[in-house]
Amino acid sequence: MSKFYRHLALSLLTVGTLSATAANYKSLLIHLQDDTQVTVNLTEEFKATFTDTDLHIEGVAETIDVPREKIASFEFDNEISSVDAITADPVQQDGYLAFCGLPAGTAVQVFRTDGVCLATYAAEGDWRLDLSTLPKGVCIVSVNGMSYKINVK
């Protein structure tokens, strides 16, 4: 079966599954091929559709578009995602977020509060993330299994 037809079949199956079972769950986890995920808190207005290139989600805090080619799988969860559960770590200084002694091949990922990945960096050793490249407001930075809630001003 060609890649196009597999995506089409997955799209049709997923849309049917999303609409049929979303009422029983509180959030949708979209697992991406880079081992990250997008978490969407479900609402009564939740609507997921596929375009030629993206999974388009409306009826949530902010409209979300996830490139179809990056999606690995979907999963529903009974928990609501809460950014408030993540504690901030005081490593923010002089417009940078500083890390020390990162092992080679470390991935540093920056997410919006709705779970959409804004950027992924390869880092090692002493490394700094320039906060001026990020949108103003709260972002989540994930590195080596730790998440940091930061306020970009």
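These are my notebook entries on strands, aromatic rings, the nonpolar core and cysteines in a predicted model.

**Entry: the S1 strand and its partners**

I began with strand S1, residues 27-32. I asked how many of its residues are buried. Five of the six are, and the strand is mostly covered.

I then looked up what S1 pairs with. Strand S2, residues 37-41, joins S1 through five bridges, and the two run antiparallel. I noted one residue pair here: His31 has Gln37 in S2 as its bridge partner. Strand S6, residues 71-77, is also antiparallel to S1, and six bridges join them. On that side I wrote down Leu32, whose bridge partner in S6 is Ile71.

S1 and S2 make a hairpin, with four residues between the strands. I checked the turn for a positive phi. Asp35 has one, at about 70°.

Thr36 sits in the loop between S1 and S2. Is Thr36 buried or exposed? I find Thr36 buried, because its relative accessible area is 7% and the cut-off for buried is under 20%. I also took one distance from this loop residue. The C-alpha atoms of Thr36 and Val116 are 9.7 Å apart, with the two positions 80 residues apart along the chain.

**Entry: the sheet S3-S4-S5**

Next I went to an open sheet of three strands. Its order is S3-S4-S5, and the pairing is antiparallel. Which strands stand at the edges? They are S3 and S5, the latter spanning 64-67. Each has a single partner strand, so one side of each lacks a neighbour in the sheet. On average, neighbouring strands here are turned by 20° against each other, direction ignored.

I looked more closely at S4, residues 54-58. Four bridges link S4 to S5, in the antiparallel sense. Within that pairing, Ile57 is matched with Ile64 of S5.

Phe50 belongs to S3, residues 47-50. I looked up its exposure. Phe50 is partly exposed, because its relative accessibility of 21% is not under the 20% that buried requires. I also noted its C-alpha distance to Pro67. The two atoms are separated by 9.6 Å, and the residues are 17 apart along the chain.

**Entry: aromatic rings**

I searched the whole structure for aromatic pairs. There are three. I took the details of two.

Phe99 and Trp127 come first in my notes. Their ring centres are 6.2 Å apart and their planes are at 35°, so I log the pair as tilted. Phe99 is in strand S8, residues 96-112, and Trp127 is in strand S9, residues 117-130. The pair therefore ties together parts that are 28 residues apart in sequence. I checked both partners for burial. Phe99 is buried at 7% relative accessible area. Trp127 is also buried, at 16% relative accessibility.

Trp127 has another entry. Tyr121 and Trp127 form a tilted pair, 5.6 Å centre to centre with 50° between the planes. Tyr121 is partly exposed, with a relative accessible area of 26%.

Which residues make up the aromatic cluster? Phe99, Tyr121, Trp127 and Tyr148 form one cluster.

I also looked for a charge over a ring. The charged end of Arg128 sits over the ring of Tyr96, 3.8 Å from the ring centre.

**Entry: the nonpolar core**

I turned to the largest nonpolar core. The core has 16 residues. Which residues have the most contacts inside it? They are Phe99, Leu129, Val141 and Ile150. Phe99 thus appears in my notes both here and in the aromatic cluster.

I then asked which strands supply this core. S8, S9, S10 (137-143) and S11 (146-152) each give at least two residues. S8 gives the most, with five.

**Entry: cysteines**

Last, I looked for disulfides. The structure holds zero. I looked up the exposure of two cysteines. Cys117 is partly exposed, with a relative accessible area of 26%. Cys139 is buried, at 2%.

Conventions. Residues are numbered from 1 along each chain as its sequence is written. This is a predicted model: local features need pLDDT of at least 70, side-chain atom pairs count only at pLDDT 80 or more; totals for chains, interfaces and linings use all residues. Side-chain values use heavy atoms; hydrogens and water are left out. A disulfide is a pair of cysteine sulfur atoms within 2.5 Å. Buried means under 20% relative accessible area, exposed over 50%, partly exposed in between (1.4 Å probe, protein chains only). Two strands pair if DSSP finds at least two bridges between them. Axes are lines fitted to C-alpha atoms, for helices over the stretch in contact, and angles run from 0 to 180 degrees between N-to-C directions. Rings of Phe, Tyr and Trp (its six-membered ring) pair if their centres lie within 6.5 Å; planes under 30 degrees apart count as stacked, over 60 as edge-to-face and the rest as tilted. A charge sits over a ring if NZ of Lys or CZ of Arg is within 6 Å of the ring centre and within 35 degrees of the ring normal. A nonpolar core is a set of buried Ala, Val, Leu, Ile, Met, Phe, Trp, Tyr and Cys residues joined through side-chain atoms within 4.5 Å.
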